[in-house]
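Morning, everyone. Please have a look at the structure before I start. I'll begin with one loop and then work outwards.

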Amino acid sequence: MQRSRSVSGSGAARGREVRLYNTSARSVEAAPLDRERDVRIYTCGPTVYRSVHLGNLRSYLLADWLKRLLVCNGFQVRHVKNITDVGHMRQELLDRGEDKLIAEALRAGLTPGDIARRYTEEFFADEARVNILPADVFPRATDHVGRMISIVAALASAGHAYERNGNVYFRVNSFSGYGELGGSVSREGLRQGVRAEADPLKEDPRDFALWKAAEPGRTELVWSSPWGRGFPGWHIECTAMSTDHLGPQIDIHTGGVDNIFPHHEDERAQSEAFTGQRPFARVWLHGQHLLADGLKMAKSTGNAYTLGDLLRLEFEPLAFRYLCMTAHYRARLNFTFTSLRAAQTGLRRLRQHVAKWGPPGSTLSPPAEACRDQFWSLAAADLALPRCLALVWSLARGSLANLPDPDKAALARDFDRLLGLDLGQPPRRRPSDPFRGAVSSLSGLPDGLSEPDRCLLSVDVVVQPEEDLEAVRRCLTSVVRNRSGMDLEVVLVDATGSPDSHVRLASIAAQDDRIRLVWIDHDPGAGAARNLGLRASHGRVVALLDPSVELTASPWPRLLAVLEDALIGAAGPFGLVTADLRHFHDAEPPPAGEAVEVDALQNYLMVFRRSDLRRIGPLDEHYRFYRILDLDLSYAIRARVGRIVAFGNLPLIRHRHALWEALSEGDREERSRKNFGRFLKRWDHRHDLPRHGTPAQLVGEAALHG
Ligand SMILES: [Zn+2]
């Protein structure tokens, strides 16, 4: 039925059918919304033991645009966004009984409540900075534990859950249609989960925890329940809060694609099993990942930025909102500071145009009305924001630029109710760019590998965030001082992502004209930062040198001499040997003047021929953390070039390792494990590469050159 069109200012958006991609239908379809009552939206909110990162914010921006679209279309909306202040985000941590809120509180000397309050306030401030309209309710998980317990009890008495040793699990088998929400995503997640899972308490590896028994000694965030003292599982929180504030069924449930499995699959199963009403959510709306350096932005990956980071770099927060609008919500978006700068410039120019157009007119000419109609049609067609933004630009300098200024001014204000970019705000002066001169990504950089040698040796020193800059100074000074006539260059890679650090590194680099500074505007991770250095190197031989190392004399003649042997692929002072690829031991240091063949070299110092880099290939940029990357590089050299040897008694000192010391025990373990998994996947099957085991076999100079 054709609805009559209102002529009021906001009228063009009214009465339109809103189409969205529904994950459970795997297609774009008309959202089944009722104009006679509130549209109930539930958004999985933040876990408040740390700052939300830009990837999280992208997901909350999607919910905001959805809400604005519905409001502009004349719907009443009731939006609930929960605050998870019981911190177990991840199933394996949950299963180990660890609570990140507790861990963080202990570390900071605060109560979990203090931590949760601090980050909740920060979250509200971050949302406000990017013009996200506040939800109607922000329920806190800790205020709903009683309800969670009663839901778990109801599920248990209906046969959907069972208790084991104070834990309660959802019986997946009792619920038909488990896995249907996520389809292949859930199947793959299940497959991986089942493989990793070895909880003997579960009837079925697919079952998930609704309630967990408190580990002995736990005094914080623990509640009494019919099953003893414990705490809720993550998924049950959202069921309790959504049904409490929105009733048994909700219209649109939003989240990021990484929520689909297991969180939303489990939430849906337990909610429908509890209420007996299907579907729990009519539309499941999921936003794609924000990437950084090609990887999903995540704290655990080490590539996460917060709005606080952008503020420190003097970006306007709405530039990030603008940036997110340049990609459809179902497309991955790669975050770089270059693209953020471009977004900031775009936003500033758009405001300049709007300011030029003067006051908005009270009526629209027919072509302007057509433009307005087109804008709201695009928005209602699965939130086609990149096309909406392009339409706004066509008013400024495109096909619609010849519309009367009052029309354009009125349209800009109308569209901004959805966009939320403060387009009517006076444009600011061009902000200073603290990263002027820095590169933003590796792609597009000239590849120096194909260029001829310009010196004998390139010493590459990579500086990542948390590095001790005084150590960098000590390291570089020792390289320059112990050059002893060697034709060398130093390539200093600044991957700190900090303008302040850059100023200090630039002053370190200025101490000698052999030091060349390569600057990237963020930390791209250990692998990518080293690749950046390698591409900028022009020595016949390249040395990767860690800032924690200080040379006391020149180690170069011996290291370079051994590379005269084409069968040797790399050399360094700190060798490792292994019998099984799982345990690496320091190789026994050989007597002075001798070298020992080893399985791998440690990252402190490693030299190899630049001409071999084509065969070795670039370092794997999935290694954001430096550890194990040296093993991976060593194995690539062994597989494609030749043997690896270690020297004892080279003239150098290893000082404390700042990057290692900056990490908590848990972070070290998690990042190392991740990298080690990557290493094993690539090399475990290569039985053709000998494993030297312990003790190492000694190889004299003669043997090496024989
Ligand atoms: Zn949730």
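Find L221 first, in the loop between β7 (208-213) and β8 (230-232). One thing to keep in mind: this is a predicted model. What is the sign of phi at L221? Positive, at about 50°, although L221 is not a glycine. Is L221 buried or exposed? Buried, with a relative accessible area of 15%. The cut-off for buried is under 20%, so L221 counts as buried.

Now hold that against N649. It sits in the loop between β25 (643-647) and β26 (652-654). Phi of N649 is near 60°, again a positive value in a residue other than glycine. But N649 is exposed, with a relative accessible area of 58%. For exposed, the cut-off is over 50%. So we have a buried leucine at 15% and an exposed asparagine at 58%.

Next, the zinc ion. Which protein atoms are its donors? They are SG of C44, SG of C238 and NE2 of H263. They lie 2.0 to 2.1 Å from the zinc ion. Along the chain, the spacing reads C-x193-C-x24-H. Take the last two donors. C238 belongs to helix α7 (residues 234-246), while H263 belongs to helix α8 (residues 260-275). The pair therefore ties together parts that are 25 residues apart in sequence. Both C238 and H263 are buried.

Stay with helix α8 for a moment. P262 lies in this helix. The peptide bond joining F261 and P262 is cis, with omega at about 0°. There is another cis bond to show you, from R278 to P279. Its omega is near -5°. And where is P279? In the loop between α8 and β10 (281-287).

One more proline: P524. Look for it in the loop between β16 (515-519) and α17 (526-536). P524 is buried, with a relative accessible area of 1%. What does P524 touch, leaving aside neighbours within four places in sequence? D293, A495, A529 and R624. Pick D293 from that list. P524 and D293 are 231 residues apart along the chain, yet their C-alpha atoms are separated by 6.1 Å.

That brings me to the whole chain. Take the contacts between residues at least 6 apart in sequence. Of those, 81% join residues at least 24 apart. How many helices and strands are there? The chain has 23 helices and 27 strands. Its radius of gyration is 29 Å, and the globule rule gives 27 Å for 706 residues. Those values are close, so the chain is as compact as a globular protein of that length. Along the principal axes, the C-alpha trace spans about 90 × 70 × 45 Å.

Now inside and outside. Buried residues make up 57% of the 706. The chain exposes about 28,200 Å², and carbon and sulfur atoms supply 50% of that area.

Last, charge. Count the side chains and you get 91 positive and 89 negative. How far apart are the centres of the two sets? They lie 5 Å apart.

If you take one picture away, make it the zinc ion, with donors C44, C238 and H263. Thanks, and over to you.

Methods. Residues numbered from 1 in each chain as written. Predicted model: local features only at pLDDT ≥ 70, side-chain atom pairs only at ≥ 80, totals over all residues. Heavy atoms only, no water. Helix = DSSP H or I, 4+ residues; strand = E, 2+ residues; numbered from the N terminus. Rg over C-alpha atoms; globule rule 2.2 N^0.38 Å. Buried < 20%, exposed > 50% of the residue type's maximum accessible area, 1.4 Å probe, protein only. Contact = heavy atoms within 4.5 Å. Areas by Shrake-Rupley, 256 points an atom, 1.4 Å probe, with all protein chains shown as cover. Lys, Arg positive; Asp, Glu negative; His and termini not counted. Charge placed at Lys NZ, Arg CZ, Asp CG, Glu CD. Donors = N, O, S within 2.8 Å, 3.2 Å for Na, K, Ca; no water.
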